[in-house]
Amino acid sequence: MEIQYSAAYFEKLDLLEILYAGQAALKEALPTHNVDKSHLESFEQIGAAIIKLNKEIRILELNIIQSVK
């Protein structure tokens with residue numbers, strides 16, 4: 001079970017890295033004023049995905065810690 005948690009953990013970390021990179025690229029591409037609504041929605045969706053993924057990572061961390069004890 002420990003190996004499954006570890007594999008899922010690292011997969012989620014990889015995905016988190018991709019989301020952060022995508023968010024940073026989108027932020028750079030956004031003008032400082034007159035932001036297109038679809039770009040803003042995309043930015044917000046990525047932010048929500050990052051929050052959700054961070055919560056999932058925390059749960060996996062707890063499961064890994066408990067499985068090691």
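This section describes the helices, nonpolar core, aromatic pair and salt bridges of a predicted model.

Two helices frame the description. Helix H1 covers residues 2–29, and helix H2 covers residues 37–68. For the 32 residues of helix H2, a rise of 1.5 Å a residue gives an expected span of 46 Å. The end C-alpha atoms of this helix lie 47 Å apart, in agreement with that expectation. Along H2, the buried residues are Ile46, Gly47, Ile50, Leu53, Ile57, Leu60 and Ile64.

Most of these positions recur in the description of the core. In soluble globular proteins, nonpolar side chains tend to be buried together. In the present model, the largest nonpolar core comprises ten residues, namely Tyr9, Leu16, Leu19, Leu26, Ile46, Ile50, Leu53, Ile57, Leu60 and Ile64. Both H1 and H2 supply at least two residues of this core, and H2 makes the greatest contribution, with six residues. Among the core members, Ile64 touches Tyr5, Ser6 and Tyr9 when residues up to four places away in sequence are not counted.

Contacts of a polar residue were also examined. Gln23 is located in helix H1 and counts as buried because its relative accessibility is 17%, under the 20% limit. Beyond its neighbours within four places in sequence, Gln23 is in contact with Phe43, Ile46, Gly47 and Ile50. Of these partners, Ile46 and Ile50 are among the residues of the largest nonpolar core, and Gly47 is one of the buried residues of H2. Ser42, which lies in helix H2, is 19 residues from Gln23 along the chain, and the C-alpha atoms of the two residues are separated by 8.7 Å. The relative accessibility of Ser42 is 32%, so this residue counts as partly exposed.

The structure holds one aromatic pair. The ring centres of Tyr9 and Phe10 are 5.3 Å apart and the ring planes meet at 75°; the pair is therefore edge-to-face, as the angle is over 60 degrees. The two partners fall into separate accessibility classes: Tyr9 is buried, with a relative accessible area of 17%, whereas Phe10 counts as exposed at 51% relative accessibility. Tyr9 is also a member of the largest nonpolar core and is touched by Ile64.

Side chains of opposite charge can pair when their charged atoms come close. Two salt bridges are present in the structure. In one of them, Glu56 pairs with Lys12, and the closest N and O atoms are 2.6 Å apart. This pair links distant parts of the chain, with Glu56 in helix H2 and Lys12 in helix H1, 44 residues apart. Both residues are partly exposed: the relative accessible area of Glu56 is 26%, and the relative accessibility of Lys12 is 23%.

A salt bridge also joins the side chains of Lys52 and Glu56, with an N to O distance of 3.9 Å. Because Lys52 and Glu56 are four residues apart in helix H2, about one helical turn separates them. Lys52 counts as exposed, with a relative accessibility of 54%. Through shared partners, the salt bridges join Lys12, Lys52 and Glu56 into one network.

Technical notes:
Residues are numbered from 1 along each chain as its sequence is written. This is a predicted model: local features need pLDDT of at least 70, side-chain atom pairs count only at pLDDT 80 or more; totals for chains, interfaces and linings use all residues. Side-chain values use heavy atoms; hydrogens and water are left out. Buried means under 20% relative accessible area, exposed over 50%, partly exposed in between (1.4 Å probe, protein chains only). Contact means heavy atoms within 4.5 Å. The expected span of a helix is 1.5 Å times one less than its number of residues. A nonpolar core is a set of buried Ala, Val, Leu, Ile, Met, Phe, Trp, Tyr and Cys residues joined through side-chain atoms within 4.5 Å. Rings of Phe, Tyr and Trp (its six-membered ring) pair if their centres lie within 6.5 Å; planes under 30 degrees apart count as stacked, over 60 as edge-to-face and the rest as tilted. A salt bridge is a side-chain nitrogen of Lys or Arg within 4 Å of a carboxyl oxygen of Asp or Glu.
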